[in-house]
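The following exercises ask the reader to derive structural descriptors from a set of atomic coordinates. Each task is followed by a worked solution.

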Amino acid sequence: MIWATLEGMGMGLVLSFIIGPVFFALIQNSLENGFRHSVFMALGILLSDSIFVIITYFGVSFLIGNIAFKIILGYVGGMILIGIGWATLRKKVMKKPVSGNFLIARKRKGFLKGLGLNGINPFVLLFWISVAGLVHLKSSFDALDKVVFYLALMITVFSFDLFKAYMAQSLRHHLTSNLMLKMNRTVGILLVFFGIRMLYFAFQQHQVIL
C-alpha cells in the first residue's frame, strides 16, 4: 500500500507539472478572479480527471482478462507515454498569460471552464489510458493498492492545482521562459521513463506466454 501511494503521488506530480492550456488557465483565473474562484476551476479539473479515470479503468478492465490484449495494451500505452514525453521535451515554451477577459469570474463558469479545458484535451485521455494500463500490468497491485494509487494520484494533482492557484501572484514574476523550458524537459524525461517501464512490464508478460 505504501508503494502504491508513492507511485500514485509520483505520477500525480508528473501530471501536475505538464505545462499546457489548463496550467495557464488556472494561473490566469487566479490572477484575475482570486484564489477562491480558482478552487472551483480546480474542482472542475478534478471532476474531468475522475471521469477519465472511471472510463479508462473500467474500459481496460473489461478486456484485461485477455492476456494478448494485456500485452498489446502495455506496448501501446508505453509508446503513448513515450510519445507524450517526447512531444513535451520538444514543446516550444508558451507565452505567459496576459490580463484580459480570459475567464469569467463566476464560480460556476470557472468550474465549467476547468471541466471543459481538461476534458477536451486528447493528451489527458491518452495519459489516463496509459495509467490504467500501467495499473493493470502491475501484478503486485491488489484491488486496495489500485484504489490507493488512484486516490494518491488524484489528491496530489488537486493539491498542486490549488498550490499553483495560491502562488499565482508569485509565479507571475518568477515563471520565466527558461524555467518553463526546464519544467517541460523534466516532465518529458519522467514520462519517457514511465513509458519505458510500461514497455518492460509488457515485455515480461510477453515472455510468460512464450
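**Exercise 1: Phe-149 and the nonpolar core**

Task: Determine which residues Phe-149 touches, leaving out those up to four places away in sequence, and describe the largest nonpolar core.

Solution. Beyond residues up to four places away in sequence, Phe-149 touches Ala-4, Glu-7, Gly-8, Met-11, Val-131, Val-135 and Phe-141, a contact being heavy atoms within 4.5 Å. The model is predicted, with local features needing pLDDT of at least 70 and side-chain atom pairs counting only at pLDDT 80 or more, whereas totals for chains, interfaces and linings use all residues. Residues are numbered from 1 along each chain as its sequence is written, and side-chain values use heavy atoms, leaving out hydrogens and water.

Next, take the core. A nonpolar core is a set of buried Ala, Val, Leu, Ile, Met, Phe, Trp, Tyr and Cys residues joined through side-chain atoms within 4.5 Å; buried means under 20% relative accessible area, exposed over 50%, and partly exposed in between (1.4 Å probe, protein chains only). The largest such core holds 32 residues, and Phe-149 is one of those with the most contacts inside it, together with Met-11, Phe-127, Trp-128, Val-131, Tyr-150 and Leu-153. At least two residues of this core come from each of α1 (2-16), α3 (35-63), α4 (67-90), α6 (122-137), α7 (143-166) and α9 (177-209). The greatest contribution, eight residues, is that of α6. In soluble globular proteins, nonpolar side chains tend to be buried together.

**Exercise 2: The chain as a whole**

Task: Summarise the secondary structure, the burial and the accessible surface of the protein chain.

Solution. First, assign the elements: there are nine helices and zero strands, where helices (H or I, at least four residues) and strands (E, at least two) are DSSP runs numbered from the N terminus. Second, count burial: of the 210 residues, 44% are buried. Third, compute the surface with the Shrake-Rupley method and a 1.4 Å probe, only the protein chains shown counting as cover for residues. The accessible surface is about 11100 Å², with 72% belonging to carbon and sulfur atoms. Finally, consider contacts between residues at least 6 apart in sequence: 89% of these join residues at least 24 apart.

**Exercise 3: Helix α1**

Task: Compare the span of α1 with its expected value and identify its buried residues.

Solution. The expected span of a helix is 1.5 Å times one less than its number of residues. With 15 residues, α1 reaches 21 Å from its first C-alpha to its last, close to the expected 21 Å. The buried residues in α1 are Ala-4, Glu-7, Gly-8, Met-11, Gly-12, Val-14, Leu-15 and Ser-16.

**Exercise 4: Buried positions in α7 and α3**

Task: Characterise the surroundings of Leu-153, Met-154 and Gly-44.

Solution.

1. Leu-153, in helix α7, is buried because its relative accessible area is 0%. Excluding residues up to four places away in sequence, Leu-153 touches Gly-8, Met-9, Met-11, Gly-12, Leu-15, Trp-128 and Val-131.
2. Met-154, also in helix α7, has a relative accessible area of 12% and is therefore buried. Outside its neighbours within four places, Met-154 contacts Leu-46, Asp-49, Ser-50, Val-53 and Trp-128. The C-alpha atoms of Met-154 and Val-53 are 9.5 Å apart, although 101 residues separate the two in sequence.
3. Gly-44 belongs to helix α3 and is buried at 0% relative accessible area. Apart from residues up to four places away, Gly-44 touches Phe-111, Gly-114 and Leu-115. Between the C-alpha atoms of Gly-44 and Phe-111 the distance is 4.5 Å, with these positions 67 residues apart along the chain.

**Exercise 5: Salt bridge and surface patch**

Task: Locate the salt bridge and the residues of the nonpolar surface patch.

Solution. A salt bridge is a side-chain nitrogen of Lys or Arg within 4 Å of a carboxyl oxygen of Asp or Glu. The search of the whole structure finds one: Lys-164 pairs with Asp-161, the closest N and O atoms being 3.2 Å apart. The partners are separated by about one helical turn because they are three residues apart in helix α7. Both Lys-164 and Asp-161 are buried.

For the patch, take residues with over 30% relative accessible area and no salt bridge, joining like charges within 9 Å and nonpolar side chains (Val, Leu, Ile, Met, Phe, Trp, Tyr) within 5 Å. Met-1, Leu-144, Val-147, Leu-151 and Ile-155 make a nonpolar patch of about 490 Å². Of these, Val-147 lies in helix α7 and is partly exposed, at 47% relative accessible area.
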